[in-house]
Amino acid sequence: MKDVQEKLEIDEVMALQLSGMPVRDIMKCNLDRFEQLLESDSHLNGFLDKANSLLDRQEALGIVSISCQDERYPSRLHAIGADAPALIHCLGNIDLLDEEKAVAIIGARAADKEGNTKAYRLGKEYAEKGYVIVSGLALGCDTSAHIGCLDAGGKTIAIVGNGLDLTHPKENVILQQRILDNGGLLLSEQVIGVKANPTRLVARNRLQAALSEAVILAQCPAQSGSLHTMRFARQYGKSSYAATFPRRTPANAGNYYLLENNLAQPL
(Lines give C-alpha, C1' and ligand atoms only; values in the text may rest on other atoms or scores of the structure.)
Protein backbone atom coordinates (compact mmCIF):
# COMPACT_ATOMS: atom_id res chain seq x y z
CA MET A 1 0.00 0.00 0.00
CA LYS A 2 2.89 2.36 0.63
CA ASP A 3 3.74 2.68 -3.07
CA VAL A 4 0.10 3.47 -3.93
CA GLN A 5 -0.09 6.13 -1.22
CA GLU A 6 3.10 7.76 -2.50
CA LYS A 7 1.76 8.25 -6.03
CA LEU A 8 0.90 11.78 -7.01
CA GLU A 9 -2.63 13.08 -7.46
CA ILE A 10 -3.67 14.37 -10.87
CA ASP A 11 -3.31 18.04 -9.86
CA GLU A 12 0.22 17.40 -8.59
CA VAL A 13 1.24 15.75 -11.84
CA MET A 14 -0.21 18.66 -13.82
CA ALA A 15 1.58 21.16 -11.60
CA LEU A 16 4.90 19.45 -12.36
CA GLN A 17 4.06 19.44 -16.07
CA LEU A 18 3.24 23.15 -15.95
CA SER A 19 6.55 23.75 -14.18
CA GLY A 20 8.40 22.21 -17.13
CA MET A 21 9.56 18.99 -15.48
CA PRO A 22 10.37 16.27 -18.06
CA VAL A 23 7.93 13.38 -18.29
CA ARG A 24 10.53 10.79 -17.26
CA ASP A 25 11.06 12.71 -13.99
CA ILE A 26 7.33 13.15 -13.41
CA MET A 27 6.86 9.40 -13.76
CA LYS A 28 9.42 8.77 -11.00
CA CYS A 29 8.32 11.57 -8.66
CA ASN A 30 6.58 10.41 -5.46
CA LEU A 31 4.74 12.35 -2.77
CA ASP A 32 7.80 12.86 -0.58
CA ARG A 33 9.73 14.33 -3.49
CA PHE A 34 6.78 16.53 -4.48
CA GLU A 35 6.53 17.96 -0.96
CA GLN A 36 10.25 18.71 -1.05
CA LEU A 37 9.78 20.55 -4.33
CA LEU A 38 6.88 22.54 -2.87
CA GLU A 39 9.15 23.78 -0.11
CA SER A 40 12.08 24.63 -2.39
CA ASP A 41 10.25 26.05 -5.42
CA SER A 42 8.14 29.11 -4.68
CA HIS A 43 6.44 28.89 -8.09
CA LEU A 44 5.11 25.34 -7.68
CA ASN A 45 2.21 26.39 -5.44
CA GLY A 46 1.04 28.71 -8.21
CA PHE A 47 1.22 25.89 -10.74
CA LEU A 48 -0.77 23.70 -8.34
CA ASP A 49 -3.49 26.34 -8.09
CA LYS A 50 -3.60 26.66 -11.88
CA ALA A 51 -3.78 22.87 -12.26
CA ASN A 52 -6.74 22.63 -9.89
CA SER A 53 -8.54 25.42 -11.73
CA LEU A 54 -8.02 23.74 -15.10
CA LEU A 55 -9.06 20.32 -13.82
CA ASP A 56 -12.22 21.70 -12.21
CA ARG A 57 -13.21 23.41 -15.45
CA GLN A 58 -12.48 20.27 -17.48
CA GLU A 59 -14.44 18.07 -15.10
CA ALA A 60 -17.44 20.39 -15.52
CA LEU A 61 -17.26 19.65 -19.26
CA GLY A 62 -17.14 15.89 -18.69
CA ILE A 63 -13.44 15.60 -19.50
CA VAL A 64 -11.57 12.86 -17.65
CA SER A 65 -7.86 13.47 -17.10
CA ILE A 66 -5.50 10.54 -16.55
CA SER A 67 -1.91 10.94 -15.40
CA CYS A 68 1.10 8.80 -16.18
CA GLN A 69 0.99 7.62 -12.55
CA ASP A 70 -2.65 6.50 -12.79
CA GLU A 71 -3.47 2.78 -13.10
CA ARG A 72 -5.84 3.70 -15.95
CA TYR A 73 -3.01 5.16 -18.02
CA PRO A 74 -2.65 3.04 -21.19
CA SER A 75 0.26 0.59 -21.16
CA ARG A 76 0.90 1.39 -24.82
CA LEU A 77 1.69 4.98 -23.85
CA HIS A 78 3.96 3.88 -21.01
CA ALA A 79 5.81 1.77 -23.57
CA ILE A 80 7.06 4.82 -25.50
CA GLY A 81 9.03 6.06 -22.49
CA ALA A 82 10.12 9.68 -22.62
CA ASP A 83 7.74 10.30 -25.55
CA ALA A 84 4.74 9.54 -23.34
CA PRO A 85 2.54 12.46 -22.28
CA ALA A 86 2.41 13.28 -18.57
CA LEU A 87 -1.37 13.57 -18.88
CA ILE A 88 -4.08 12.62 -21.32
CA HIS A 89 -7.49 14.26 -21.38
CA CYS A 90 -10.45 12.18 -22.53
CA LEU A 91 -14.03 12.85 -23.52
CA GLY A 92 -16.23 9.84 -24.12
CA ASN A 93 -15.65 6.12 -23.70
CA ILE A 94 -12.35 5.68 -21.84
CA ASP A 95 -12.82 1.90 -21.90
CA LEU A 96 -11.50 2.05 -25.48
CA LEU A 97 -8.05 2.78 -24.04
CA ASP A 98 -7.90 -0.84 -22.90
CA GLU A 99 -8.80 -2.37 -26.27
CA GLU A 100 -5.95 -4.47 -27.64
CA LYS A 101 -7.37 -4.52 -31.18
CA ALA A 102 -6.73 -0.95 -32.31
CA VAL A 103 -5.42 0.21 -35.66
CA ALA A 104 -4.59 3.73 -36.83
CA ILE A 105 -5.82 4.74 -40.28
CA ILE A 106 -4.30 8.00 -41.42
CA GLY A 107 -3.67 10.09 -44.50
CA ALA A 108 -3.57 13.53 -46.05
CA ARG A 109 -6.11 16.28 -45.53
CA ALA A 110 -6.03 17.04 -49.26
CA ALA A 111 -6.52 13.43 -50.34
CA ASP A 112 -8.16 12.82 -53.71
CA LYS A 113 -11.31 10.77 -54.26
CA GLU A 114 -9.34 7.51 -54.45
CA GLY A 115 -7.58 8.26 -51.18
CA ASN A 116 -10.73 9.16 -49.29
CA THR A 117 -12.51 6.10 -50.64
CA LYS A 118 -9.57 3.94 -49.54
CA ALA A 119 -9.61 5.46 -46.03
CA TYR A 120 -13.37 4.96 -45.74
CA ARG A 121 -13.19 1.32 -46.84
CA LEU A 122 -10.28 0.59 -44.50
CA GLY A 123 -12.11 2.18 -41.58
CA LYS A 124 -15.22 0.17 -42.36
CA GLU A 125 -13.43 -3.13 -42.98
CA TYR A 126 -11.31 -3.02 -39.84
CA ALA A 127 -14.27 -1.94 -37.71
CA GLU A 128 -16.20 -4.93 -39.04
CA LYS A 129 -13.27 -7.11 -37.90
CA GLY A 130 -13.67 -5.76 -34.38
CA TYR A 131 -10.89 -3.17 -34.37
CA VAL A 132 -11.08 0.21 -32.73
CA ILE A 133 -10.17 2.75 -35.41
CA VAL A 134 -7.70 5.44 -34.33
CA SER A 135 -7.33 8.61 -36.36
CA GLY A 136 -6.94 12.37 -36.00
CA LEU A 137 -10.27 14.06 -36.89
CA ALA A 138 -8.56 16.02 -39.68
CA LEU A 139 -10.28 16.60 -42.99
CA GLY A 140 -9.61 14.14 -45.78
CA CYS A 141 -8.48 10.61 -44.90
CA ASP A 142 -8.97 10.95 -41.13
CA THR A 143 -12.59 12.04 -41.59
CA SER A 144 -13.20 9.24 -44.10
CA ALA A 145 -11.71 6.60 -41.78
CA HIS A 146 -13.80 7.76 -38.82
CA ILE A 147 -16.98 7.76 -40.93
CA GLY A 148 -16.24 4.33 -42.39
CA CYS A 149 -15.84 2.97 -38.87
CA LEU A 150 -19.06 4.58 -37.65
CA ASP A 151 -21.02 3.37 -40.69
CA ALA A 152 -19.93 -0.16 -39.76
CA GLY A 153 -21.19 0.32 -36.21
CA GLY A 154 -17.65 0.40 -34.84
CA LYS A 155 -15.88 2.44 -32.19
CA THR A 156 -13.32 5.10 -33.01
CA ILE A 157 -10.77 7.21 -31.14
CA ALA A 158 -10.02 10.70 -32.42
CA ILE A 159 -6.70 12.02 -31.15
CA VAL A 160 -6.50 15.78 -31.53
CA GLY A 161 -3.94 18.54 -31.05
CA ASN A 162 -6.18 20.97 -29.18
CA GLY A 163 -8.07 21.21 -25.91
CA LEU A 164 -11.30 19.21 -25.80
CA ASP A 165 -13.46 22.31 -25.40
CA LEU A 166 -12.63 23.12 -29.04
CA THR A 167 -13.11 21.35 -32.36
CA HIS A 168 -10.37 21.37 -34.97
CA PRO A 169 -11.19 21.63 -37.75
CA LYS A 170 -14.50 23.39 -37.13
CA GLU A 171 -16.01 21.58 -40.10
CA ASN A 172 -15.96 18.37 -38.04
CA VAL A 173 -18.21 19.51 -35.19
CA ILE A 174 -20.95 17.14 -36.35
CA LEU A 175 -18.53 14.23 -36.83
CA GLN A 176 -17.03 14.82 -33.41
CA GLN A 177 -20.47 14.61 -31.82
CA ARG A 178 -21.31 11.50 -33.83
CA ILE A 179 -18.15 9.83 -32.52
CA LEU A 180 -19.20 10.57 -28.93
CA ASP A 181 -22.83 9.58 -29.51
CA ASN A 182 -21.70 6.18 -30.81
CA GLY A 183 -19.45 5.21 -27.91
CA GLY A 184 -16.22 6.67 -29.25
CA LEU A 185 -13.51 8.72 -27.59
CA LEU A 186 -11.80 12.06 -28.06
CA LEU A 187 -8.28 12.21 -26.65
CA SER A 188 -5.74 15.01 -26.30
CA GLU A 189 -2.64 15.84 -24.29
CA GLN A 190 -3.66 19.52 -24.44
CA VAL A 191 -5.76 21.19 -21.75
CA ILE A 192 -8.88 23.20 -22.53
CA GLY A 193 -8.35 26.49 -24.28
CA VAL A 194 -5.29 25.31 -26.22
CA LYS A 195 -5.62 25.64 -30.00
CA ALA A 196 -4.09 23.24 -32.50
CA ASN A 197 -0.95 24.33 -34.32
CA PRO A 198 1.54 22.47 -36.55
CA THR A 199 3.79 21.48 -33.63
CA ARG A 200 0.90 20.10 -31.58
CA LEU A 201 -0.50 18.24 -34.58
CA VAL A 202 2.83 16.51 -35.20
CA ALA A 203 3.01 15.68 -31.48
CA ARG A 204 -0.44 14.09 -31.54
CA ASN A 205 0.71 11.91 -34.43
CA ARG A 206 2.99 9.98 -32.06
CA LEU A 207 -0.03 9.17 -29.87
CA GLN A 208 -1.90 7.74 -32.87
CA ALA A 209 1.01 5.40 -33.49
CA ALA A 210 1.54 4.56 -29.83
CA LEU A 211 -2.08 3.61 -29.09
CA SER A 212 -2.35 1.28 -32.10
CA GLU A 213 -0.96 -2.14 -32.87
CA ALA A 214 -0.56 -1.14 -36.52
CA VAL A 215 -0.62 2.06 -38.59
CA ILE A 216 -2.11 2.14 -42.08
CA LEU A 217 -1.47 4.98 -44.50
CA ALA A 218 -4.47 5.43 -46.77
CA GLN A 219 -2.92 8.11 -48.98
CA CYS A 220 -0.48 11.01 -48.82
CA PRO A 221 1.85 12.95 -51.13
CA ALA A 222 5.63 12.96 -50.84
CA GLN A 223 5.53 15.80 -48.31
CA SER A 224 2.94 15.15 -45.64
CA GLY A 225 2.46 15.13 -41.87
CA SER A 226 1.23 11.56 -42.25
CA LEU A 227 4.82 10.50 -42.84
CA HIS A 228 5.62 11.69 -39.30
CA THR A 229 3.06 9.22 -37.99
CA MET A 230 4.59 6.43 -40.06
CA ARG A 231 8.03 7.32 -38.69
CA PHE A 232 6.68 7.11 -35.14
CA ALA A 233 5.13 3.74 -35.98
CA ARG A 234 8.52 2.38 -37.04
CA GLN A 235 10.21 3.94 -34.01
CA TYR A 236 7.73 2.27 -31.66
CA GLY A 237 7.92 -1.11 -33.39
CA LYS A 238 4.41 -1.04 -34.82
CA SER A 239 3.37 -2.82 -37.99
CA SER A 240 3.35 -0.29 -40.83
CA TYR A 241 1.22 -0.54 -43.97
CA ALA A 242 0.60 1.67 -46.98
CA ALA A 243 -2.32 1.32 -49.36
CA THR A 244 -1.60 0.68 -53.03
CA PHE A 245 -3.37 2.21 -56.02
CA PRO A 246 -3.89 1.34 -59.69
CA ARG A 247 -1.37 4.02 -60.68
CA ARG A 248 1.15 6.25 -59.00
CA THR A 249 0.15 9.94 -58.75
CA PRO A 250 1.37 12.98 -56.80
CA ALA A 251 -1.47 12.38 -54.34
CA ASN A 252 -0.18 8.91 -53.38
CA ALA A 253 3.56 9.48 -53.84
CA GLY A 254 4.10 9.21 -50.07
CA ASN A 255 2.68 5.69 -50.12
CA TYR A 256 5.07 4.61 -52.84
CA TYR A 257 8.03 6.27 -51.14
CA LEU A 258 7.39 4.07 -48.09
CA LEU A 259 6.79 0.93 -50.14
CA GLU A 260 9.82 1.36 -52.42
CA ASN A 261 12.09 1.94 -49.43
CA ASN A 262 10.71 -1.03 -47.48
CA LEU A 263 9.38 1.28 -44.78
CA ALA A 264 5.86 -0.15 -44.99
CA GLN A 265 4.13 -3.26 -46.25
CA PRO A 266 1.66 -3.01 -49.15
CA LEU A 267 -2.03 -3.25 -48.41
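Start by selecting Arg 247 and Glu 114: their side chains meet in a salt bridge, with 3.6 Å from N to O. Arg 247 sits in the loop between strand 8 (239–242) and helix 12 (253–260), while Glu 114 belongs to helix 7 (residues 113–128), so this pair ties together parts that are 133 residues apart in sequence. Colour Glu 114 by accessibility and you'll find it partly exposed, with a relative accessible area of 28%. One thing to keep in mind as you click around: this is a predicted model.

**More salt bridges**

How many salt bridges does the structure hold? There are seven, and two others are worth a stop.

Stay in the loop between strand 8 and helix 12 and pick Arg 248, then add Glu 260 over in helix 12; the two are 12 residues apart, and the pair links distant parts of the chain. Their side chains meet in a salt bridge at 2.6 Å, N to O. Are these two residues buried or exposed? Glu 260 is exposed, because its relative accessible area is 51% and the exposed class is anything over 50%. Arg 248 comes in at 47% relative accessibility, so it counts as partly exposed.

Now jump to Asp 70 and Arg 72. Here the side chains form a salt bridge too, at 3.0 Å from N to O. Arg 72 counts as partly exposed at 39% relative accessibility, and Asp 70 is partly exposed as well, at 25%. Keep Asp 70 selected, as the next stop uses it.

**The second largest pocket**

Around Asp 70, switch on a pocket display. The second largest pocket holds about 160 Å³ of space. It is lined by 11 residues, and the closest to its centre are Leu 8, Glu 9, Ile 10, Ser 67 and Asp 70. Sort the lining by class and you get three nonpolar, three polar and five charged residues.

**Helix 2 and its cover**

From Ile 10, follow the chain along helix 2, which runs over residues 10–19. Which of its residues are buried? Select Asp 11, Glu 12, Val 13, Met 14, Ala 15 and Leu 16 to see them. To see what covers these buried residues, bring up helix 3 (23–28), helix 4, helix 5, strand 1 (64–67) and strand 2 (87–92), which are all included in that cover. Before you leave, click on Gly 20: this residue follows helix 2 and has a positive phi, near 95 degrees.

**Where helix 4 meets helix 5**

Two parts of that cover make a good pair to look at together. Show helix 4 (residues 31–40) and helix 5 (residues 44–60) as cartoons: they pack at an angle of about 115 degrees, and their axes are 8 Å apart. Next, turn on side chains to find the contact itself. On the helix 4 side, select Phe 34, Leu 37 and Leu 38; on the helix 5 side, the residues they meet are Leu 44, Asn 45 and Leu 48. By class, this contact has five nonpolar residues, one polar and no charged ones.

**The largest pocket**

Time for the largest pocket, with a volume of about 440 Å³. Its lining has 27 residues; select Arg 109, Ala 138, Leu 201, Arg 204 and Gly 225 to land on those nearest the centre. Which element gives the most to this lining? That would be helix 10, with six residues. Strand 3 (102–107), helix 10 (198–210) and helix 11 (226–235) each supply at least two. Colour the lining by class and you'll count 11 nonpolar, 13 polar and three charged residues.

**A buried glutamine**

Go to helix 9 (residues 173–181) and pick Gln 176. Is Gln 176 buried or exposed? It is buried, because its relative accessible area is 12% and the buried class is anything under 20%. Show its neighbours: leaving out residues up to four places away in sequence, Gln 176 touches Leu 137, Leu 166, Thr 167 and Leu 186.

**Last stop: the cavity**

Finish with an enclosed space. The structure holds one cavity of 30 Å³ or more, and the largest cavity has a volume of about 50 Å³. What lines it? Select Arg 76, Leu 96, Leu 97, Glu 99, Ala 102, Ile 157 and Leu 211. That lining divides into five nonpolar residues, no polar ones and two charged.

Conventions. Residues are numbered from 1 along each chain as its sequence is written. This is a predicted model: local features need pLDDT of at least 70, side-chain atom pairs count only at pLDDT 80 or more; totals for chains, interfaces and linings use all residues. Side-chain values use heavy atoms; hydrogens and water are left out. A salt bridge is a side-chain nitrogen of Lys or Arg within 4 Å of a carboxyl oxygen of Asp or Glu. Buried means under 20% relative accessible area, exposed over 50%, partly exposed in between (1.4 Å probe, protein chains only). Helices (H or I, at least four residues) and strands (E, at least two) are DSSP runs, numbered from the N terminus. Axes are lines fitted to C-alpha atoms, for helices over the stretch in contact, and angles run from 0 to 180 degrees between N-to-C directions. Contact means heavy atoms within 4.5 Å. Ala, Val, Leu, Ile, Met, Phe, Trp, Tyr, Cys and Pro count as nonpolar, Asp, Glu, Lys and Arg as charged, and the others, Gly among them, as polar. On a 1 Å grid over the protein atoms alone, a cavity is a set of points where a 1.4 Å probe fits but cannot get out, and a pocket is an open set with protein on both sides within 12 Å along at least five of seven lines; lining residues have an atom within 4 Å of a point. Grid points are joined across faces, edges and corners, and a volume is the space filled by probe spheres set on the points.
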